[in-house]
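Reader: I'm new to reading structures. Could you walk me through this one, step by step?

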Amino acid sequence: MMYGWLWRALPGPTPVRALLAVVLVLGVVAACFTWVFPAIAPLMPFNDITVD
């Protein structure tokens, strides 16, 4: 449902839509690795590693 809406919202013929979809996915992944993941990393429980 969401992917269909996104596909219909993208302009242009099929090759242009596919290229735009890839660019959008790469942008979301880059934003996650740049801002989201570093912001939540201190809150993750696997950062509290101690060896006794």
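Reader: Which residues in α2 do L6, W7 and R8 in α1 meet?

Author: Keep in mind that we're looking at a predicted model. A contact here is a pair of heavy atoms within 4.5 Å. By that rule, L6, W7 and R8 on the α1 side meet four partners listed for α2: T14, R17, A18 and L24.

Reader: And by class, how many nonpolar, polar and charged residues does the contact of α1 with α2 have?

Author: Leu, Trp and Ala go with the nonpolar class, while Arg counts as charged. Sorting the contact of α1 with α2 that way gives 1 polar residue, 2 charged ones and 4 nonpolar ones.

Reader: How do the two helices lie, roughly parallel or oblique?

Author: Helix α1 covers residues 2-9 and helix α2 covers residues 14-40, and their axes are 10 Å apart. The angle between them is about 120°. Roughly perpendicular stops at 115 degrees and roughly antiparallel starts over 145, so an angle between those limits falls in the remaining class. That is why α1 and α2 count as oblique.

Reader: Is the crossing of α1 and α2 left-handed or right-handed?

Author: Handedness depends on whether the near helix is turned clockwise or anticlockwise from the far one. For α1 passing α2, the crossing is right-handed.

Reader: What kind of aromatic pair do F33 and F37 make?

Author: The count comes to 1 aromatic pair. In that pair, the ring centres of F33 and F37 are 5.1 Å apart, and the planes sit at 90°. Planes over 60 degrees apart have their own class, so F33 and F37 are edge-to-face.

Reader: Why are F33 and F37 about one helical turn apart?

Author: Both belong to helix α2. Counting along α2, F33 and F37 are 4 residues apart, which means a separation of about one helical turn.

Reader: Is F33 buried or exposed?

Author: Exposed starts over 50% relative accessible area. F33 has 59% relative accessibility, whereas F37 has 38% and counts as partly exposed. So F33 is exposed.

Reader: Which residues does L20 touch, leaving out those up to four places away in sequence?

Author: L20 is in helix α2, and a relative accessible area of 31% makes L20 partly exposed. Its C-alpha atom is 41 Å from that of I49, 29 residues along the chain. With residues up to four places away left out, L20 touches L10 and P11.

Conventions. Residues numbered from 1 in each chain as written. Predicted model: local features only at pLDDT ≥ 70, side-chain atom pairs only at ≥ 80, totals over all residues. Heavy atoms only, no water. Axes fitted to C-alpha atoms, helices over the stretch in contact; angles between N-to-C directions. Parallel < 35°, antiparallel > 145°, perpendicular 65-115°, else oblique. Phe/Tyr/Trp six-rings, centres within 6.5 Å; stacked < 30°, edge-to-face > 60°. Buried < 20%, exposed > 50% of the residue type's maximum accessible area, 1.4 Å probe, protein only.
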